[in-house]
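Please open the structure in the viewer and keep the selection tool at hand. The tour below proceeds stop by stop, with a selection to make at each.

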Amino acid sequence: MTQWSGPTLIAVFAGFGLAFVLVVPYVAISYRKRGELGLLRAVAAPAFLVYCFALVTYTLLPLPNVDAAYCATHEALRHPVWNPLQFLEDLRQFDTGLLNNPALRQVLFNVAFFVPWGVFLRRLFRRSIGFAIASGFLVSLAIETTQLTGVWFLMECPYRLFDTGDLLSNTVGAGIGALLAPVVRRSGRLRPDEPRPVLARRRLLGMVLDLISVTLAGVALSMIALAVQYVTKGTLQNNTLIDDVLGRWVPTAVLLLFVPLAGNGATPGQRAVLLTVVRADGRPPSMMQSIIQFLVGSGGYFILVGLNSGWTSLWLLAHLVFMVFTRGHRGLTGLVCGLSVVDTRAADREPVAPPG
């Protein structure tokens, strides 16, 4: 493994882990603000989180053993480089070709490292060029200050050098990214309040968000129960009540049965992507239809999971096939219950019959 392998793996796992936690609210906000998620944003959002973690891991890791001996032998790190053009002098210290010059490669790396910052700020957050450059400078300053203070005085002394040349090259990189960002063109879009077609990928996204919601809620409830167990008993023990009931059945029942029953029949995942289920006359499903939909659909899946049944994969395949090939992508549960899946914005626009 190279010196970059560890920081890279940490950034990737931490970035995608945080993306997993934030995906449901992010999708919900995107649909309400822009009317859709979009492939570009679906890829760019987790990439931005990975990049942010990379800014931390690449600039702060690996951590050396900072003790009195280390501080004594690295006294020079206490003295910042105030000349932002010091790298020009550093270039002359290496008797190599220009492209093989370590000082030049370091400068180019610092520039390239902040190019994504400018691109993300411009295209993902719709910020101005000036804001992208200024924020890039502030982020770089925060990194350099963290290094100068030994991670804000957690270390006995600095273990990396505060270099204004890094500030300059990072800021230049953010500016280059901000200038290049408009190359990524955005095609015309409908207004956020305009209904969109109910496509298979949108239905699948809603289903995935439901599974993520149940998983995260189950993890949260299990952690709370384990914390209570540790505080009251002083030990942590495997408990079927925690693993099965709190970790699976309670969040499944609450999110995928009671939430639809208390609302318009839509699950949290469907609500996030602005979908709802309706009867043939446009009204919300009845209580019996919602219960049957739960048992045939997501509830049945988690029942099979809890029973360690070998039918789980077949269940998923059957629902996927019906979801893709049924008219309106109503799926197997829609066929069984007589329900259809529609865009919430279209359902809200259904004309009201005039009084007789």
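Which residues are buried in helix α13 (residues 298-306)? Select this helix in the model, which is a predicted one. The buried residues in α13 are Gly 299, Gly 300, Tyr 301, Phe 302 and Leu 304.

**First stop: around helix α13**

Keep Tyr 301 and Phe 302 selected and display their side chains; both residues are buried. The ring centres of Tyr 301 and Phe 302 are 5.1 Å apart and the planes stand at 75 degrees, so this pair is edge-to-face. Next, step to Asn 308, just after α13, where phi is positive at about 55 degrees.

**Second stop: the whole chain**

Now zoom out until the entire chain is visible. The chain comprises 16 helices and two strands. Its radius of gyration is 27 Å, whereas the globule rule gives 21 Å for 356 residues; the chain is therefore more spread out than a compact globule. Along the principal axes, the C-alpha atoms occupy a box of roughly 85 × 60 × 35 Å.

Colour the residues by accessibility, if the viewer permits. Of the 356 residues, 40% count as buried. The chain exposes about 20200 Å², and 69% of this area is supplied by carbon and sulfur atoms. When contacts between residues at least 6 apart in sequence are considered, 71% of them join residues at least 24 apart.

A colouring by charge may follow. The chain carries 29 positive and 19 negative charges, and the mean positions of the two sets are 14 Å apart.

**Third stop: the aromatic rings**

How many aromatic pairs does the count give? It comes to 11 aromatic pairs. Select Tyr 51 and Phe 120 to view one of them: the pair is tilted, with 5.8 Å from centre to centre and 45 degrees between the planes. Tyr 51 belongs to helix α2 (residues 39-60) and Phe 120 to helix α5 (residues 102-124), so the pair ties together parts that are 69 residues apart in sequence. Both Tyr 51 and Phe 120 are buried.

Extend the selection to Phe 48, Tyr 58, Phe 109, Phe 113, Phe 114, Trp 117 and Phe 125. Together with Tyr 51 and Phe 120, these residues are linked by ring pairs into a cluster.

**Fourth stop: a proline in helix α5**

Remain at helix α5 and select Pro 116, which has its place in this helix. Is Pro 116 buried or partly exposed? Its relative accessible area is 27%, and Pro 116 is partly exposed. Add Leu 168 to the selection: the two residues are 52 apart in sequence, and their C-alpha atoms are 16 Å apart in space.

**Final stop: two positive phi angles**

Most residues other than glycine have a negative phi. Two further selections depart from this pattern.

Select Phe 153, which lies in helix α7 (residues 150-153). The phi of Phe 153 is positive, near 70 degrees. With a relative accessibility of 65%, Phe 153 counts as exposed.

Then select His 329, in the loop between α14 (312-325) and α15 (331-337). The phi of His 329 is also positive, near 55 degrees. Where Phe 153 is exposed, His 329 counts as buried, at 17% relative accessibility.

Technical notes. Residues numbered from 1 in each chain as written. Predicted model: local features only at pLDDT ≥ 70, side-chain atom pairs only at ≥ 80, totals over all residues. Heavy atoms only, no water. Helix = DSSP H or I, 4+ residues; strand = E, 2+ residues; numbered from the N terminus. Rg over C-alpha atoms; globule rule 2.2 N^0.38 Å. Buried < 20%, exposed > 50% of the residue type's maximum accessible area, 1.4 Å probe, protein only. Contact = heavy atoms within 4.5 Å. Areas by Shrake-Rupley, 256 points an atom, 1.4 Å probe, with all protein chains shown as cover. Lys, Arg positive; Asp, Glu negative; His and termini not counted. Charge placed at Lys NZ, Arg CZ, Asp CG, Glu CD. Phe/Tyr/Trp six-rings, centres within 6.5 Å; stacked < 30°, edge-to-face > 60°.
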